Structures are given as C-alpha cells and as structure tokens.
Amino acid sequence: MIEVIVITGRTTDQGMTIDEKLSNDYMKAVCYCEMNERDMSVIGVNEGDRVKIKTEFGEVVLYAKKAVTKDLELPEGVVFIPMGPYANQVVGKSNGSGTPQYKGIKGYVEATQEDVKPVEELIRVVK
Amino acid sequence: MKNAICTFCGNVCDDIEFDGTVGKNLCPIGEAKFAAKRRMEAPTIEGEKVSYEEAIERAAEILVNAKRPLLYGWASTVNEAIKLGVILAEKLGGIYDQCSSVCHAPSTLAMIEEGIPGGTLGQAKNRADVIVFWGCNPVEAHPRHPSRYSVMARGFLTKGRQYRHIVVVDVRKTATAYLATEFYQIKPGYDFAVFTALRSIVNGHEDAVPDEVGGLSKEKLKELADVLMDGKYGVIFYGLGLTHSRGQDRNVECIVKLVQTLNRQTRYILQPMRGHFNVVGAGAVAAWEAGYEYAIDFSRGYPRFSPSEFTAVEALLRKDCDAALIVASDPAAHFPKKAVERLAEIPVIQIDPHPNVTTLLADIVIPSAIVGIEAEGTVYRMDGIPLRVKKLRETEYWSDYQILRLMLDKVIQMKGE
Ligand code: SF4
C-alpha cells in the first residue's frame with residue numbers, strides 16, 4: 001500500500017459518453033485510475049489490474065492504467081480518476097466554500113482482487 | 001442547416017453544419033452529443049409510463065408538499081427555462097442551486113471579493129500574444145478552444161500560433177501541455193503559493209521569494225514572470241485545478257490579484273474555463289432574478305445566499321431538503337457519495353433528455369427535448385456572450401420550458417395564489 005494524492009477531472013472519453021451513462025462505454029471511461037509506472041511497480045500491479053483506493057471519505061476499486069503515454073504523465077505519488085460515480089466514492093468535504101474538494105485528497109492505493117462494480121451497483125448500494 | 005450551435009461545452013461553437021443526423025465541424029465530444037442515442041420513451045412515475053400532464057401534476061404535488069425542496073441542475077438548458085426554475089424555487093420556498101456549486105462556484109466567491117478583470121474569447125483570439133492555461137485541460141474538456149479562440153486561432157492582430165507564447169501550468173503533464181511553448185509542473189495544492197511568488201516578482205520584490213515554491217525553482221518562477229510581463233496582451237484561462245483543490249476561492253482571489261498586478265504594467269484578462277454550455281446562464285439568470293448566482297434559499301420568503309449551507313451538496317449532507325427537482329444535470333454521477341445517499345432517501349423528480357445515473361434513483365422521470373437540437377432558446381458562452389441556440393429537428397418530447405411552465409402553473413394553482 002502506498003500513500004497518494006488523488007485528483008479527479010474531465011477526459012475526452014468521459015465527455016463523449018456523458019449522455020449514455022448507463023452504457024458500458026461510460027463505465028469504461030470512468031472506472032480506472034491513472035498512476036505513475038513506478039508507483040504501479042511498488043504495489044505490484046500491471047496495466048488493467050485492479051487497485052483499491054481509500055481516503056477518509058470511502059473506498060473504490062478501479063482498473064490501474066499507466067500514465068506514461070504521450071497524453072498521460074503523472075508524477076509519482078499522484079493518481080488521477082476521471083470525474084464520475086467512481087471518483088465520487090472517495091471525494092468529500094468542502095471546507096466552508098460549499099464546493100467539495102475534488103482534487104488533492106490524501107489517500108492510499110493497494111492491489112486488490114475485488115471486482116470493479118458496474119455503475120448500477122454503486123447506486124444500488126447507495127439506495 | 002448552417003451555423004448551428006453545439007450545446008455541449010462552454011465554447012458553444014456556433015459554426016456547426018447539421019443535416020438532421022450528422023454534424024460537421026464538431027470535435028469528438030460534439031459529435032457524440034449530436035449522435036443518436038438511447039432516450040426515455042415517456043414520462044414515468046415509479047417506473048410506470050404516464051402522460052406529461054400526469055407526471056407534471058404529481059411532481060407539483062410532491063414539491064408543494066415538501067417543506068424545503070431542492071431545485072438543482074440548470075447548466076444544460078436555456079435561460080428561459082432557468083428563469084422559470086428560479087421563480088418555481090421562490091414560490092415553493094425551496095433552494096435554487098446549480099452545477100457551478102460543484103465546479104466554478106469558488107470563482108464566484110472570489111469575484112464577489114475581488115471583481116474580475118474580464119474580457120471575451122474574441123479578444124483572446126484577436127489580440128493575445130501570451131496565453132496561459134492554469135489548472136485546465138482544454139484539449140480534453142473544451143477541444144476546439146485552442147483552434148477557435150486561443151492557441152492556433154488566427155486573429156486580426158495576432159495572426160496565429162507562431163505569434164503567441166503559450167504557457168501551461170498544471171500538476172500533471174496533460175494533453176494541453178504538449179501545445180505549450182513552456183510547461184510548468186507544480187505540486188498539487190500549491191497554486192496560491194506560486195501566484196504569491198509571481199506577484200512578488202512582478203512587483204519588484206523577488207528578494208522575498210524563496211529558492212523553491214510549489215515545485216518551481218526561483219529561476220523558473222522568474223522566467224515565468226518575465227514571460228507574463230513581456231506580453232502585450234495576455235489572457236489567463238484557468239480551470240477546476242484552482243477551484244477544486246486546496247484554497248479553492250482563495251486560489252482564484254490570488255490569481256485575480258496577479259492579473260491586477262500585471263495590469264499595472266501591461267494588459268491582461270482572466271477567463272474561467274466554464275464547463276457546460278450554459279452554466280454561465282444558470283448563474284446569471286438567478287442573479288437577475290434573485291440577486292445571487294447559486295446556493296439560494298427561499299424558505300423565509302426572500303432570497304438568502306449562503307454557500308456553506310445552501311449548495312446542493314451541503315443541503316443534502318445536512319438533510320435540509322426533503323424533495324428534489326433535478327433539471328438538465330446528473331448529481332448522482334457527480335456529487336460525493338454521502339450526498340448521493342441522501343438524494344436516494346428523498347423523492348426525486350428528474351427532467352432530462354437522456355437516462356443517467358440520477359434516473360436510477362428518481363421517482364418521477366420526465367424526458368425532455370435536447371436543447372440546441374430539438375429545442376431553442378438563449379444561452380451564455382463561457383465569456384458571457386449570449387447566443388441563440390436553434391431547434392434543428394422536430395420532436396414529440398416537450399422542452400424544459402414547456403415542462404416547467406406547466407409545473408409552475410400547477411404549483412401556483414395548488415398553493416391557491
Ligand atoms: S468544443 Fe465544445 S462546443 Fe465546440 S464542438 Fe466541441 S463540445 Fe461542442
């Protein structure tokens with residue numbers, strides 16, 4: 001398990017599937033986390049393996065994705081999750097501004113064998 | 001149809017050609033927006049299909065019987081519908097809040113404190129020789145921004161990419177960073193410190209700056225300050241990198257102050273990269289109607305603004321609302337989990353063109369026409385320029401305006417006003 005800073009944000013794929021949130025394409029667009037290659041080797045995961053992210057607000061299982069290709073470079077110790085229902089399992093409070101802090105949340109990442117839940121299931125748990 | 005308008009992101013591109021099924025000049029996200037996709041067949045109450053009139057009547061009953069309903073969303077519809085939403089919130093004694101409250105609302109707070117040295121995207125295109133993208137990634141979030149308004153845009157006075165110095169500042173090397181003349185990578189949560197250091201240098205106090213700030217060496221900071229001061233007309237575009245991370249509204253205040261400082265020596269403007277095509281309208285219309293842009297509570301009969309109490313997320317976390325009307329938005333996909341849990345406990349009425357995550361917990365679902373394709377009206381581009389979006393094809397779906405008009409009439413009738 002390593003300590004990380006979690007950031008979230010838009011991606012093109014998230015934007016392209018935003019009107020089809022109950023589709024597989026949307027799930028694929030938002031259910032991963034980008035990590036620095038060296039962090040991946042420290043926790044022993046390869047691209048496509050599952051990782052669990054924990055913060056004080058909750059936890060979520062995601063697919064790991066290497067952030068080393070041209071468009072996706074991340075420093076060590078920072079993980080990126082596309083905005084959406086997965087990212088929202090681990091984001092939280094607003095420090096008085098009324099707007100939640102969606103970036104810069106302290107968390108932990110570890111390898112896991114647990115499943116990545118479909119969007120419907122994340123919501124069923126809530127209901 | 002020529003000069004159709006794309007109703008996805010805050011760029012609101014107004015040069016789209018649309019033949020009824022396929023659009024030209026769109027970016028991949030715009031193409032996806034215009035492509036055919038799954039729709040809801042009819043309004044439903046608890047999953048049972050009903051007529052528009054029945055769904056709206058039942059929705060009005062729920063809202064009238066609620067003590068303090070939350071009316072949330074609004075960023076992806078037209079100003080005419082938003083206006084009805086604000087009036088509805090007032091009649092119901094509820095809370096009006098809009099998508100900004102999980103996005104650029106800290107910018108609004110900063111602008112209440114500091115004002116904004118603002119301009120238009122036309123000025124960026126025609127004049128800017130220095131363009132800064134700070135904590136934003138237009139290549140993925142506003143794909144045609146670089147070609148239409150900024151990096152590669154061919155303006156009257158600044159004629160293209162080779163005449164512009166492009167700076168990208170971010171915590172990670174984004175796709176936009178590859179368009180930059182220079183990319184500066186800072187540590188997450190250190191924007192405020194870096195702005196303060198830059199202000200000191202621009203003010204002639206570089207001796208007050210330590211050797212390293214937020215991951216940038218003093219040399220790098222001086223280099224960046226020089227680039228900024230050398231600009232004849234600069235534009236700083238910033239994104240949620242500031243409003244979503246440590247400091248939030250204070251980060252934006254500090255960048256406004258940096259721009260004010262630069263304006264003593266040269267000319268700079270500041271522009272937030274607003275997300276949805278009419279999120280500016282969701283704030284502006286509420287401001288005309290009630291004096292505030294978001295987080296407005298009408299439960300005392302007059303508008304009160306208090307973001308730490310009345311944003312949708314805060315009101316849900318405090319269990320301060322007992323029903324919700326969600327229009328043109330998907331809070332179940334975009335709110336922190338705890339707020340979604342509360343939303344699942346109360347009656348939810350949804351008005352939206354497409355099924356989304358909120359649909360999974362809505363009790364009443366009212367499908368609407370897609371704004372800019374099946375319904376017309378006025379929207380504000382990210383820089384506040386009003387544009388009239390068009391109706392490009394006929395539909396059986398009611399527009400947000402029609403649905404809300406009938407809902408407001410029903411509410412007025414039920415309340416006997
Ligand atoms: S840049 Fe934005 S407004 Fe323009 S076509 Fe793409 S999604 Fe539509």
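**Figure 1. Side chains on the two sides of strand E7(B)**. B:Val130, B:Val132 and B:Trp134 point one way from E7(B), while B:Ile131 and B:Phe133 point the other way, and all are buried (under 20% relative accessible area with a 1.4 Å probe, protein chains only). In a regular strand, side chains alternate between the two faces of the sheet. Five of the five residues of E7 (residues 130-134) of chain B are buried, so this strand is largely enclosed by the rest of the structure. Strands here are DSSP runs of at least two residues, numbered from the N terminus.

This is a predicted model, where local features need pLDDT of at least 70, side-chain atom pairs count only at pLDDT 80 or more, and totals for chains, interfaces and linings use all residues; pLDDT is the predictor's confidence in each residue, from 0 to 100. Residues are numbered from 1 along each chain as its sequence is written, chains are lettered from A and ligands numbered from 1 in the order written, and side-chain values use heavy atoms, leaving out hydrogens and water.

**Figure 2. The partners of E7(B)**. Strand E8 (residues 165-170) of chain B pairs with E7(B) in the parallel sense over five bridges; to pair, two strands need at least two bridges found by DSSP. Strand E12 (residues 233-238) of chain B also pairs with E7(B) in the parallel sense, over five bridges. Look for B:Ile131: it stands opposite B:Ile166 in E8(B) and opposite B:Val235 in E12(B).

**Figure 3. How sure is the predictor about chain A?** Chain A averages a pLDDT of 91, and 94% of the residues score at least 70.

Terms used. Buried < 20%, exposed > 50% of the residue type's maximum accessible area, 1.4 Å probe, protein only. Helix = DSSP H or I, 4+ residues; strand = E, 2+ residues; numbered from the N terminus.
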